[in-house]
Amino acid sequence: MKDDESIQDMHTGFTSIINELHSLGEIIPRNKLVTKILRVLLGSWKSKVNAIIKAKDLQKLTIDELIGNLKTYEMNKKKDHERRKPKKEKILVLKTDNNDSSGEDADMAYLTKGQL
């Protein structure tokens, strides 16, 4: 799996390779395919891989179930990452009272980030 590759992209490439092997007469048992997918995931997926290995029976886990589980985790990771992104700084501009006779920019007062 590449750094910028999604689970869907990885699965598509994996399926293509498996189909080619199958057409050449190589039959790989389902549990080995599941294990191979878990092995190709990046290091950032290690905690999820460990959780799947401990919680699931890899002899019975289907590839579709595994990919569904990984896609859900990927979506949650993206949402969490978006939520943690720093918000863009906003600048507040307020209109002042027109009766102010100071003569200096009587129409607008600018507040800096520190004054908020």
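This is a short walk through the helix packing, the nonpolar core and one loop residue of a predicted model.

Let's start with H2 and H4. Helix H2 covers residues 30–40, and helix H4 covers residues 63–84. Their axes lie 10 Å apart, at an angle of about 20°. Angles under 35 degrees count as roughly parallel, so H2 and H4 are roughly parallel to each other. Their crossing is right-handed.

Which residues meet there? From H2, we have Leu 33, Val 34, Ile 37 and Leu 38. From H4, they meet Ile 63, Leu 66, Ile 67 and Leu 70. By class, the contact of H2 with H4 has 8 nonpolar residues, no polar and no charged.

Now H1 against H2. Helix H1 takes in residues 7–23. H1 and H2 pack at about 135°, with their axes 12 Å apart. That angle falls outside the ranges for roughly parallel, roughly antiparallel and roughly perpendicular, so H1 and H2 are oblique to each other. Again, the crossing is right-handed.

H1 brings Met 10, Phe 14 and Ile 18 to this contact. H2 brings Leu 33, Lys 36, Ile 37 and Val 40. The contact of H1 with H2 divides into 6 nonpolar residues, no polar and 1 charged. Note Leu 33 and Ile 37. They are in the H2 set that meets H4, and they are in the H2 set that meets H1.

On to the core. How many residues does the largest nonpolar core have? It has 18. The residues with the most contacts inside this core are Ile 37, Leu 38, Leu 41, Leu 66 and Leu 70. Four helices give two or more residues each: H1, H2, H4 and helix H3, which is 46–55.

Take Leu 38 in H2 as a close-up. Leaving out residues up to four places away in sequence, Leu 38 touches Val 49, Ile 52, Ile 53, Leu 58 and Leu 66. As a general point, nonpolar side chains tend to be buried together in soluble globular proteins.

Last stop, Lys 60. Lys 60 sits in the loop between H3 and H4. Is Lys 60 buried or exposed? Its relative accessibility is 63%, so Lys 60 counts as exposed. Lys 60 still has partners. Beyond four places in sequence, Lys 60 touches Arg 30 and Glu 65. Arg 30 is 30 residues away along the chain, yet the two C-alpha atoms are separated by 8.5 Å.

Terms used:
Residues are numbered from 1 along each chain as its sequence is written. This is a predicted model: local features need pLDDT of at least 70, side-chain atom pairs count only at pLDDT 80 or more; totals for chains, interfaces and linings use all residues. Side-chain values use heavy atoms; hydrogens and water are left out. Axes are lines fitted to C-alpha atoms, for helices over the stretch in contact, and angles run from 0 to 180 degrees between N-to-C directions. Angles under 35 degrees count as roughly parallel, over 145 as roughly antiparallel, 65 to 115 as roughly perpendicular and the rest as oblique. A crossing is left-handed if the near helix is turned anticlockwise from the far one by less than a right angle, and right-handed if clockwise. Contact means heavy atoms within 4.5 Å. Ala, Val, Leu, Ile, Met, Phe, Trp, Tyr, Cys and Pro count as nonpolar, Asp, Glu, Lys and Arg as charged, and the others, Gly among them, as polar. A nonpolar core is a set of buried Ala, Val, Leu, Ile, Met, Phe, Trp, Tyr and Cys residues joined through side-chain atoms within 4.5 Å. Buried means under 20% relative accessible area, exposed over 50%, partly exposed in between (1.4 Å probe, protein chains only).
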